[in-house]
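Here's a protein chain to look at, and the plan is to walk from its surface to its sheets and then to one helix. Have the picture open while you read.

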Amino acid sequence: MATQNLYDVQSPEHFQQLLSADLNRVSVLNFWAPFADPCKQMNEIFKELAGKYPAALFLQIQAEDQADITDSFEIEAVPTFLLLRGHTLLKRISGADAPTLTQSVQKHATSPAYSPLSKTDQQPAKATDSSAPAQPEETQEQLEERCKKLMNQSKVVLFMKGDPQTPRCGFSRKIVALLQEQNVQFTTFDILTDEAVRQGLKTINNWPTYPQLIINGELVGGLDIVKEMVETGELAEVLAA
């Protein structure tokens, strides 16, 4: 049953209108996509939480349809959940983590509202997890060596967001489907699991976005280039070389 505090965001203007109606209220944002299976279960949990915590505002945002909103909050994959109070970021939850989402909503949506001493129209900063263990130091040379090994782990390597069964962005989903249609055997690496590799490959390959397709240890390109190579027959030629 629909609740009065649960909305499907239709536009950036609609989003701002809903969010600005009460800057003391906790808002829970659900960035999702219909192609991602983890989103389906989390959407149901999201609706249940909306019914359980009527004082909070629950906003469902289809990530690719509302790209301006998605980009403004630097959403890298779906599902991603943000908890805000006004323009202050309280919590960022990446992935289908139902326990953390439930606990976070319970913690913040039931806490007393307050009147802020000041407010800002700037986008909220990313939440940091102080409990996360410190990562070991890695030199630039070591990182480059590790990236090169990953690029050469097989003839065809796809650096993507998520994995072929659960892609976490539309571009990754489309390139996986394209390679599978062409019967290409490939291995994958989820760049969301390793921030150092994610940033390192951008520099090594001089390519700022993902997915990145590697053949014989060399960058081929992203989705648009691979699509063009399939259409011209160049991909088959490269694979046969």
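The accessible surface of the protein chain adds up to about 13500 Å², and carbon and sulfur atoms hold 48% of that. Keep in mind that this is a predicted model. Of the chain's 241 residues, 42% are buried. If you take the contacts with a separation of 6 or more, 68% of them link residues 24 or more positions apart. As for the building blocks, the chain has 9 helices and 9 strands.

Now for the sheets. One is an open sheet of 5 strands with mixed pairing, in the order S1-S3-S2-S4-S5. Its edges are strand S1 (6-8) and strand S5 (88-94); each has a single partner strand, so one side of each has no neighbour in the sheet. From one strand to the next, the twist averages 20°.

The other sheet to look at is also open, with 4 strands in the order S7-S6-S8-S9 and mixed pairing. Strand S7 (187-190) and strand S9 (218-221) are the edge strands here, each pairing on one side only. Ignoring direction, neighbouring strands in this sheet are turned by 30° against each other on average.

Here are two strand pairs, each with one residue pair you can find in the picture:

| Strand pair | Sense | Bridges | A residue pair |
|---|---|---|---|
| S2 and S3 | parallel | 6 bridges | Ser 27 and Leu 57 |
| S6 and S7 | parallel | 4 bridges | Leu 158 and Thr 188 |

Helices lie across these strands too. Helix H1 (residues 12-20) lies across S1, S2, S3 and strand S4 (80-85), and runs at about 165° to S3. Helix H5 (residues 140-151) lies across S6, S7 and S8, at about 120° to S6.

Let's finish with helix H6. How far apart should the ends of its 12 residues be, at 1.5 Å a residue? Helix H6 (residues 170-181) should span 16 Å, and its end C-alpha atoms are 17 Å apart, which agrees. The buried residues of H6 are Gly 170, Ser 172, Ile 175, Val 176, Leu 178 and Leu 179. What do these buried residues pack against? Their partners are strand S6 (156-160), strand S8 (212-215), helix H8 (223-232) and helix H9 (234-240). Just after H6 comes Asn 183, which takes a positive phi of about 60°.

Note on methods
Residues numbered from 1 in each chain as written. Predicted model: local features only at pLDDT ≥ 70, side-chain atom pairs only at ≥ 80, totals over all residues. Heavy atoms only, no water. Helix = DSSP H or I, 4+ residues; strand = E, 2+ residues; numbered from the N terminus. Expected span 1.5 Å × (residues − 1). Buried < 20%, exposed > 50% of the residue type's maximum accessible area, 1.4 Å probe, protein only. Contact = heavy atoms within 4.5 Å. Areas by Shrake-Rupley, 256 points an atom, 1.4 Å probe, with all protein chains shown as cover. Pairing = 2+ DSSP bridges. Axes fitted to C-alpha atoms, helices over the stretch in contact; angles between N-to-C directions.
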